[in-house]
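User: Please take a close look at one part of this model, the nonpolar patch on its surface, and then set that part in the context of the rest of the chain. A connected account would serve better than a list.

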Amino acid sequence: MIKDITIGQFFPGKSAIHRLDPRIKLVLTVGLIVFVFVANTAAAITLMTLAVAGTMALTRVPIKLYFK
């Protein structure tokens, strides 16, 4: 049962996102978290959604793994 939980698990890959320095990924994640709390318009939320979707596409991780 515990191996069915994929939150926070590393999925190996060779994408541009996988090759980024971990510190940069951490800073970008913190920036996204801050943006989530300050986004108060539809345009900001749309921009945030597009950024997350774009990042998901860049990782080349199968989409079904995100919803597992």
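Analyst: The nonpolar patch on the surface is formed by Leu 26, Val 30, Leu 32, Ile 33, Val 34, Val 36, Phe 37, Val 38 and Val 52, which together have about 830 Å² of accessible area. Helix α2 gives the most to this patch, with eight residues. One of the patch residues, Val 38, has its place in α2, a helix that spans residues 22-38. Val 38 has a relative accessible area of 53%, and it therefore counts as exposed, the threshold being over 50%.

The model is a predicted one, and the confidence assigned to this part bears on how the patch may be read. Among the elements of the protein, α2 has the highest mean pLDDT, at 90. The lowest mean pLDDT, 76, belongs to helix α4, residues 63-66. Across the protein, pLDDT averages 83, and 85% of the residues score at least 70. Where pLDDT is low, the predicted coordinates should not be read in detail.

The patch may next be set against the whole. The protein contains four helices and zero strands, so that the order of elements from the N terminus on is α-α-α-α. The accessible surface of the protein comes to about 5900 Å², and 73% of it belongs to carbon and sulfur atoms. Of the 68 residues, 10% count as buried. As for contacts between residues at least 6 apart in sequence, 47% of them join residues at least 24 apart.

Charged side chains also meet in this model. The structure holds one salt bridge, in which the side chains of Asp 21 and Arg 23 come together at 2.8 Å, N to O. The two partners differ in their accessibility class: Asp 21 has a relative accessibility of 28% and is partly exposed, because this value lies between the limits of 20% and 50%, whereas Arg 23, at 61%, is exposed because its value is over 50%.

Buried positions provide a contrast with the patch. Ser 15 lies in the segment before α1, and its relative accessibility of 1% is under 20%, so the residue counts as buried. The side chain of Ser 15 makes a polar contact of 2.6 Å with the side chain of His 18. A polar atom of the Ser 15 side chain also lies 3.4 Å from the backbone oxygen of Thr 59. Leaving aside neighbours within four places in sequence, Ser 15 is in contact with Leu 58 and Thr 59.

The partner in the 2.6 Å contact, His 18, is placed in helix α1, residues 16-19. With neighbours within four places in sequence again left aside, His 18 is in contact with Phe 10, Phe 11, Pro 12, Gly 13, Lys 25, Thr 59 and Val 61. Thr 59 thus appears among the contacts of His 18 and among those of Ser 15.

Val 61, another contact of His 18, is located in the loop between α3 and α4. Its relative accessible area is 16%, which is under 20%, so Val 61 is buried. Beyond neighbours within four places in sequence, the contacts of Val 61 are Phe 11, His 18, Met 56 and Tyr 66. The C-alpha atoms of Val 61 and Gly 13 are separated by 7.7 Å, although the two residues are 48 apart along the chain.

Arg 60 lies in that loop as well, between α3 (42-59) and α4. At 67% relative accessibility, Arg 60 is exposed, because the value is over 50%; Val 61, by contrast, is buried. The backbone of Arg 60 deserves separate mention, since its phi is near 60°, a positive value in a residue other than glycine. Most residues other than glycine have a negative phi.

In summary, the nonpolar patch has about 830 Å² of accessible area and draws eight of its residues from α2, the element with the highest mean pLDDT. Elsewhere, buried Ser 15 is joined to His 18 by a polar contact between side chains, and His 18 in turn is in contact with Val 61, which is buried in the loop between α3 and α4.

Methods. Residues numbered from 1 in each chain as written. Predicted model: local features only at pLDDT ≥ 70, side-chain atom pairs only at ≥ 80, totals over all residues. Heavy atoms only, no water. pLDDT = per-residue confidence, 0-100. Helix = DSSP H or I, 4+ residues; strand = E, 2+ residues; numbered from the N terminus. Polar contact = N/O pair within 3.5 Å; in protein donor to acceptor, adjacent residues only side chain to side chain. Contact = heavy atoms within 4.5 Å. Salt bridge = Lys/Arg side-chain N within 4 Å of Asp/Glu carboxyl O. Buried < 20%, exposed > 50% of the residue type's maximum accessible area, 1.4 Å probe, protein only. Patch = residues over 30% accessible without salt bridge, like charges linked within 9 Å, V, L, I, M, F, W, Y side chains within 5 Å. Areas by Shrake-Rupley, 256 points an atom, 1.4 Å probe, with all protein chains shown as cover.
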